[in-house]
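Work through the exercises below with the sequence and the coordinates at hand, trying each task before reading its solution.

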Amino acid sequence: MKKNKIFVACDSTSISKIKKIIKYTSNTKIKIGYKFGLEFLNSKHGRNFVSKLKKKIIFADLKLHDIPNTCVSTIKAIKDLKVNYLTIHISSGLQALKAAKKVSGSIRLVGVSVLTSLDNKELKEIGFRNSVKKLVVHQARLAKKAKLDAIVCSPQEVKIVKKIFKNEIITPGIRFKSKNNDQKRVLTPKEAYKNGSHSLVIGRNITKGDIKKNVKTLIDHLNQ
Ligand code: C5P
């Protein structure tokens, strides 16, 4: 499950939009997984739709951030969905991570480090004293301690994370088109793979506008 996957972030509440995303991205030479986050899984028909998906790599980006007991019961509550990946914020704390790992079974438990939409200035604003880099390194150590299956960080931090965390490294904050939107710590897909990312998360650069054309642009970019 480690090598060169792209998780397409299915961020929408519209079933027809998600069907379109799956249709136009599944028959490519790239190994694709589908990431469903807070928006889709909280939408009226989202959970049911995901429960019926067959033969797809499914990534539930629930970003659990709670006390150990609640994290554990949430994992138990989504077991029927048969997802392959599930996210939990590393800042939930080591006890929560360990407790979650104990019950996650065959689900790959993914620790989310500092969000790719944050920079040093914003971290300070929240009350953190460390820089993004220092905090990500610190959290990579926690992820290792909790024996998590994967970690999420920005592509800019992969090299330093790799020195500590030996399992799968997944990077959002990917841009092959000019617009950064709300993301701060971004790189291109090629740069991310070059730095050592195993899997990328790409949302709007694929799903906004002409999906077919976007996929072609991505493949051309990767083949350059
Ligand atoms: O559209 P874009 O490519 O920016 O989407 C990135 C996706 O990755 C979103 O679904 C976002 O929730 C998720 N994500 C992120 N940064 C993290 C963790 C997850 O952008 N640190």
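## Exercise 1: two single residues

Lys-54 is exposed, with a relative accessible area of 65%, in a model that is predicted. Locate Lys-54 relative to the helices and strands, and then decide whether His-221 is buried or exposed.

Solution. Begin with Lys-54, which sits in the loop that runs between α3 (46–51) and β3. Exposure here requires a relative accessible area over 50%, and the 65% of Lys-54 therefore qualifies. As a further check on position, the C-alpha atom of Lys-54 is separated by 30 Å from that of Ile-90, a residue 36 residues away along the chain.

Turn next to His-221, which belongs to helix α11 (residues 211–223). Its relative accessible area is 13%, and since the cut-off for buried is under 20%, His-221 counts as buried. When neighbours within four places in sequence are left aside, the contacts of His-221 are Phe-176, Thr-188, Pro-189 and Lys-190.

## Exercise 2: the faces of a helix

Determine which residues of helix α4 (residues 68–77) are buried, and explain why they line one face of the helix.

Solution. The buried residues in α4 are Cys-71, Val-72 and Ile-75. Viewed down the axis of α4, these buried residues fall within an arc of 95°, and so they line one face of the helix. The general background is that an α-helix has 3.6 residues a turn, so that residues three or four places apart point the same way. The other side of α4 carries Asn-69 and Lys-76, both of which are exposed. To complete the picture, look for what covers the buried residues of α4: the cover includes the strands β3 (57–64), β4 (85–89) and β5 (108–112), together with helix α5 (94–103).

## Exercise 3: a strand and its partners

Establish which residues of strand β7 (residues 168–171) are buried on each of its faces, and find the strands with which β7 pairs.

Solution. In a regular strand the side chains alternate between the two faces of the sheet. In β7, Glu-168 and Ile-170 lie on one side, Ile-169 and Thr-171 lie on the other, and all of them are buried, with both faces of the strand covered. One partner is strand β6 (residues 150–152), which pairs with β7 in the parallel sense over three bridges, and here Ala-150 stands opposite Glu-168. Another partner is β8, whose pairing with β7 is also parallel and extends over two bridges, with Leu-200 of β8 opposite Thr-171.

## Exercise 4: two pockets

For the largest pocket, find how many residues line it and which element gives the most to the lining, and then work out the classes of residue in the lining of the second largest pocket.

Solution. The largest pocket, with a volume of about 630 Å³, is lined by 31 residues, and those nearest its centre are Asp-11, Lys-35, Asp-61, Lys-63 and Gln-183. Elements that each supply at least two lining residues include α1 (15–25), β2 (31–37) and β8 (199–202), while β3 gives the most, with three residues. Sorted by class, the lining of the largest pocket comprises 13 nonpolar, eight polar and ten charged residues.

The second largest pocket has a volume of about 180 Å³. Its lining consists of 13 residues, of which His-89, Ser-91, Val-114, Leu-118 and Phe-128 are the closest to its centre. Both α6 (120–126) and α7 (132–145) supply at least two residues each to this lining, which by class holds eight nonpolar, five polar and no charged residues.

Conventions: Residues numbered from 1 in each chain as written. Predicted model: local features only at pLDDT ≥ 70, side-chain atom pairs only at ≥ 80, totals over all residues. Heavy atoms only, no water. Buried < 20%, exposed > 50% of the residue type's maximum accessible area, 1.4 Å probe, protein only. Helix = DSSP H or I, 4+ residues; strand = E, 2+ residues; numbered from the N terminus. Arc of directions from axis to C-beta. Contact = heavy atoms within 4.5 Å. 1 Å grid on protein atoms, 1.4 Å probe; cavity = no way out; pocket = protein on both sides within 12 Å on 5 of 7 lines; lining within 4 Å. Points joined across faces, edges and corners; volume = space filled by probe spheres on them. Nonpolar A, V, L, I, M, F, W, Y, C, P; charged D, E, K, R; others polar. Pairing = 2+ DSSP bridges.
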